[in-house]
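Me: I am new to this structure and would like to understand why its parts are given the labels they carry. Could you go through the reasoning with me, one label after another?

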Amino acid sequence: MVRKIAGATRIPVPGGKIIDEYVGRVNTGDDQVSIAHMVAPAGWEEPAQTPQFTEYTLVLRGTVIVEHEEGVAEVHEGEAFVTLPGEKIRYTVGPEGAEYVAVCLPAFSPDTVNREE
């Protein structure tokens, strides 16, 4: 069965980042996968986290910086990266900010992201 999704639900987050969820727990009730479009302004950063889901991210514009246990990866426009469950990571963006699409399996949940305070 085809399900057309007419639009996204904007999820409020601190620091000026915009999250528009197209598929996932909030917008469509799906708990197996989430697909979100994100825009993060220059200087945006978030605390370290150890998610319980796999995240596939495609960078559309700018640079997403991923700090992980083995170092730091700068992921630029047209590149993608994958993080695995149980891997401690921290996201920031480059000086021009970033626009990207994230797909999480299972779907993103605040209860399973395990952000540090």
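The questions and replies below deal with ring pairs, burial, strand pairing and a pocket in what is a predicted model.

Me: How many aromatic pairs does the structure hold, and why is the pair of F53 and F108 called edge-to-face?

Reply: The structure holds 2 aromatic pairs. In the pair of F53 and F108 the ring centres lie 5.7 Å apart, and the planes meet at 65°. Centres must lie within 6.5 Å for a pair, and planes over 60 degrees apart count as edge-to-face, so the values for F53 and F108 lead to that name.

Me: What makes this pair a tie between parts that are apart in sequence?

Reply: F53 belongs to the loop between β3 (34-40) and β4 (54-68), while F108 belongs to the loop between β7 (89-105) and α1 (110-113), so the two rings bring together parts 55 residues apart in sequence.

Me: Why is F53 called buried or exposed, and what is F108 called?

Reply: F53 has a relative accessible area of 1%, and because buried means under 20%, F53 is called buried. F108 has 27% relative accessibility, which falls between the 20% limit for buried and the 50% limit for exposed, so F108 counts as partly exposed.

Me: Why is the pair of F81 and Y91 called tilted?

Reply: The centres of F81 and Y91 are 5.9 Å apart, with 55° between the planes. Planes under 30 degrees apart would count as stacked and those over 60 as edge-to-face, so the rest are tilted, and the pair of F81 and Y91 is one of these. F81 sits in strand β6 (residues 80-83) and Y91 in strand β7, 10 residues apart, and the pair links these distant parts of the chain. Both F81 and Y91 are buried.

Me: How do you know that Q49 is buried, and what does Q49 touch?

Reply: Q49, in the loop between β3 and β4, has 3% relative accessibility, and since buried means under 20%, Q49 counts as buried. The side chains of Q49 and E46 are joined by a polar contact of 2.7 Å, where the limit for such a contact is 3.5 Å. Leaving aside neighbours within four places in sequence, the residues in contact with Q49 include E87, K88, I89, Y91 and R115.

Me: What makes β2 and β3 paired strands, and how many bridges join β3 to β7?

Reply: Two strands pair if there are at least two bridges between them. Strand β2 (residues 18-23) and β3 have 5 bridges and pair in the antiparallel sense, with E21 having A36 in β3 as its bridge partner. β3 and β7 also run antiparallel, joined by 7 bridges, and A40 stands opposite A98 in β7. The covered face of β3 holds S34, A36, M38 and A40, whereas I35, H37 and V39 form the uncovered one.

Me: Why is I18 called partly exposed?

Reply: I18, placed in strand β2, has a relative accessible area of 31%, which lies between the limits of 20% and 50%, so I18 is called partly exposed. The C-alpha atoms of I18 and V39 are 5.1 Å apart in space, although the two residues are 21 apart in sequence.

Me: What lines the largest pocket, and which element gives the most to the lining?

Reply: The largest pocket, with about 510 Å³ of space, is lined by 29 residues, and V13, K17, I19, F108 and R115 lie nearest its centre. β7 gives the most to the lining, with 4 residues.

Technical notes. Residues are numbered from 1 along each chain as its sequence is written. This is a predicted model: local features need pLDDT of at least 70, side-chain atom pairs count only at pLDDT 80 or more; totals for chains, interfaces and linings use all residues. Side-chain values use heavy atoms; hydrogens and water are left out. Rings of Phe, Tyr and Trp (its six-membered ring) pair if their centres lie within 6.5 Å; planes under 30 degrees apart count as stacked, over 60 as edge-to-face and the rest as tilted. Helices (H or I, at least four residues) and strands (E, at least two) are DSSP runs, numbered from the N terminus. Buried means under 20% relative accessible area, exposed over 50%, partly exposed in between (1.4 Å probe, protein chains only). A polar contact is a pair of N or O atoms within 3.5 Å; within protein, one must be able to donate a hydrogen and the other to accept it, and residues adjacent in sequence count only if both atoms are side-chain atoms. Contact means heavy atoms within 4.5 Å. On a 1 Å grid over the protein atoms alone, a cavity is a set of points where a 1.4 Å probe fits but cannot get out, and a pocket is an open set with protein on both sides within 12 Å along at least five of seven lines; lining residues have an atom within 4 Å of a point. Grid points are joined across faces, edges and corners, and a volume is the space filled by probe spheres set on the points.
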